[in-house]
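Trainee: Hey, could you walk me through this one? I'd like to start with the cysteines.
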Amino acid sequence: MPDVALSLLAHPDDAEFLCTGTLIRLIKEHGWQVHIASMTPGDCGSAEYSAEDISRIRKEEGAKAAACIGAQYHCLEERDLLIFYNERALERVTRLFREVRPRIVFTHSPADYMLDHEMTSTLARAAAFGSPAPNFMQGRGQAPPLEQIPYLYYCDAIEGKDLLGRPVIPSFAIDISQSMGTKTAMLTCHASQRAWLLKHHGMDHYVHAMQDWGARTGGRYGVVSAEGFRQHLGHSYPQDNLLAQLLGSLS
């Protein structure tokens, strides 16, 4: 399979919080092609704009952020708080997988603070398994099936905990100390979200929160900044850790 990495997360700025430091290293150190996809355009992420206006703004921000590293942004056009494991959503994810043909996929932790994240994780897992099957979604005008199941990695849960506050511990981490400058620049492209998070989450210092989490994760492993991951190792998924082989792992 080609050297392509796909980040499939729920909302347009999730990748910048969770995995773009690693994506940057794949591009810079190994010349990988990168795609950044969100399940929704972030249509509920504003108290100021209409759903249509904030969707347009946030997709523009997502594309601008991806362009910082030469990546391509995709929006699958589901809606905030309405991401479900159903045929329509799974067809959209499968179609994306077969079009971009990722060798590595990043998605949300299966246990996280909100259902949009958990449903996206489930859809990514199902599409990774189904996309190589010739009879799955047959006759729907999709690209050919994948050659094999891609490597699937779960990013850290937000704040490193599940919905009951229990720790979700990564099994390994990637040193992103040298990527943090570009990762920060990508997150600042999502300018519409600072005001929204301050109002709805009581969360100011949008960029600092991302940097602080990277520093906290890095501190666990003795580096300046890191991103944590767990690999899906169920039956028939790849069992070797390709990401660690390419970038080295902290454990």
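Mentor: Sure. The sulfur of Cys75 is 13 Å from the closest cysteine sulfur, in Cys44, so that is too far for a bond. A disulfide here means two cysteine sulfur atoms within 2.5 Å.

Trainee: And what about Cys19, why no bond there?
Mentor: Because its closest cysteine sulfur, in Cys155, is 4.3 Å away, which is too far. The structure holds 0 disulfides.

Trainee: Is Cys19 buried or exposed?
Mentor: Buried, because its relative accessibility is 0%; the cut-off for buried is under 20% relative accessible area, with a 1.4 Å probe and protein chains only.

Trainee: Anything I should know about the model itself?
Mentor: It's predicted, so local features need pLDDT of at least 70 and side-chain atom pairs 80 or more, while totals for chains, interfaces and linings use all residues. Residues are numbered from 1 along each chain, and side-chain values use heavy atoms, without hydrogens or water.

Trainee: OK, new topic. How many residues are in the largest nonpolar core?
Mentor: There are 37, and Tyr153 and Phe229 are among those with the most contacts inside it. A nonpolar core is a set of buried Ala, Val, Leu, Ile, Met, Phe, Trp, Tyr and Cys residues joined through side-chain atoms within 4.5 Å.

Trainee: What does Tyr153 touch?
Mentor: Leaving aside neighbours within four places in sequence, its contacts (heavy atoms within 4.5 Å) include Ile104, Phe106, Phe172, Phe229 and Leu243. A second, separate core has 24 residues, including Leu6 and Tyr237.

Conventions:
Buried means under 20% relative accessible area, exposed over 50%, partly exposed in between (1.4 Å probe, protein chains only).
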